[in-house]
Amino acid sequence: MLKIENLSYSYSRKSRLIENFSMSLEQGTVCGLLGKNGAGKSTLIYLICGLLRPSTGTIDFRGYNPTDRKVGFLEDVFLVPEEFTLPGVTLDEYVKVNAPFYPAFNHEAMVRYLDIFDLTPDIHLGKLSMGQKKKAFISFAMACNTSLLILDEPTNGLDISAKRNFRKAVAECMTDDKSILISTHQVYDVDKILDHVIITDRKGVLLDSSLIDVASRYRFNFTTDRYRAARALISLEVPGGFNIAEPLTDAADETEVNLETLFELVQAEADKKHKQ
């Protein structure tokens, strides 16, 4: 569905924000895009959407080059940025103006997503709090039924129940013919809905893997044993003990993936390679 090869981008001639970046995203995937602050995640998203032009490399989405901004591309990709503004109109007015740009828009689905977020279709966008606006905009975005939905820090500004409802909405939205790319620092908000993860830094992709594959290679556990923690591949001190990752030697010991521990493990392995 989405293929990026040898992508580079810079805001200035002095340094490149993204360098030699390659990744692919298949249909039917909920993918987490993780990286440190300043790693270029938001810039990458804008490049995928054709809002920025790469310095080098190619981006292919279902045969389209995003920078060409062709209708077939624009009607099949939707971005919910981290920060946005909505007009001071009713949701009904907003839908009448914007839904026609997305041929697969489903009004009944939007009402369902709104209900999941405890919102009603008669809302006025100008009278909502920022958290409510985010829930309304995500509901509209999901109802557009684009093949690719990109969400940049979607749970920022949402309360605890809204984050739970967000996960439910994503699960209901997903089908085998679409993909969702979620860029986030809030890994605990999305870890249960991801089936793929991409971890990046400025020099490229550090990890591009399904969580099934990760779980087949590493075992994630909590331990109070300092000796075991010291021998682990990575050890993160937490209240009462340590979150650790160890090599998986027996498939019977397979565990759920702890994204925070995985992120630190991948970063540590990358740092070792850079020092060599």
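Visitor: pLDDT is the predictor's confidence in each residue, from 0 to 100; what average does the chain have?
Guide: This is a predicted model, in which local features need pLDDT of at least 70 and side-chain atom pairs count only at pLDDT 80 or more, while totals for chains, interfaces and linings use all residues. Residues are numbered from 1 along each chain as its sequence is written, and side-chain values use heavy atoms, with hydrogens and water left out. Of the residues, 97% score at least 70, and the chain averages a pLDDT of 93.

Visitor: Among the elements of the chain, which has the highest mean pLDDT?
Guide: Helices (H or I, at least four residues) and strands (E, at least two) are DSSP runs, numbered from the N terminus. Among these elements the lowest mean pLDDT, 87, belongs to helix α10 (residues 259–275), whereas the highest, 98, belongs to β5.

Visitor: In the open sheet of six strands, which are the edge strands?
Guide: Two strands pair if DSSP finds at least two bridges between them. The sheet has mixed pairing and the order β5-β6-β7-β3-β8-β9. Pairing on one side only is found for each of the edge strands, β5 (77–80) and β9 (204–210).

Visitor: Which residue in β7 is the bridge partner of Ile150?
Guide: Strands β6 (residues 148–152) and β7 (residues 179–183) run parallel and are joined by five bridges. Within β7, the bridge partner of Ile150 is Leu181.

Visitor: At about what angle to β5 does helix α5 run?
Guide: Axes are lines fitted to C-alpha atoms, for helices over the stretch in contact (heavy atoms within 4.5 Å), and angles run from 0 to 180 degrees between N-to-C directions. Helix α5 (residues 130–143) lies across β5 and β6, and its angle to β5 is about 170 degrees.

Visitor: Why is one side of β2 and of β4 left without a neighbour in the sheet?
Guide: The open sheet concerned has three strands in the order β2-β1-β4, with antiparallel pairing. One side of each is without a neighbour because β2 (18–25) and β4 stand at the edges, each with a single partner strand.

Visitor: Which residue in β4 stands opposite Ser8?
Guide: Strand β1 (residues 2–9) pairs with β4 over five bridges in the antiparallel sense. The residue of β4 that stands opposite Ser8 is Thr56.

Visitor: How far from the sulfur of Cys173 is the closest cysteine sulfur?
Guide: A disulfide is a pair of cysteine sulfur atoms within 2.5 Å, and by this rule the count comes to zero. Cys144, with a relative accessible area of 1%, is buried (under 20%; exposed is over 50% and partly exposed in between, with a 1.4 Å probe and protein chains only). Cys173 also counts as buried, at 4% relative accessibility. The closest cysteine sulfur to that of Cys173 is in Cys144, too far for a bond at 10 Å.

Visitor: Is Asn145 buried or partly exposed?
Guide: Asn145 lies in the loop between α5 and β6, and has a positive phi of about 55 degrees although it is not a glycine. Its relative accessible area is 25%, so Asn145 is partly exposed.

Visitor: Which residue has its backbone nitrogen 3.0 Å from a polar atom of the side chain of Thr223?
Guide: Thr223 is found in strand β10 (residues 218–223) and is buried, with a relative accessible area of 7%. Not counting residues up to four places away in sequence, Thr223 touches Arg228, Ala229, Gly241, Phe242 and Ile244. The backbone nitrogen lying 3.0 Å from a polar atom of the Thr223 side chain is that of Asp225.

Terms used:
Polar contact = N/O pair within 3.5 Å; in protein donor to acceptor, adjacent residues only side chain to side chain.
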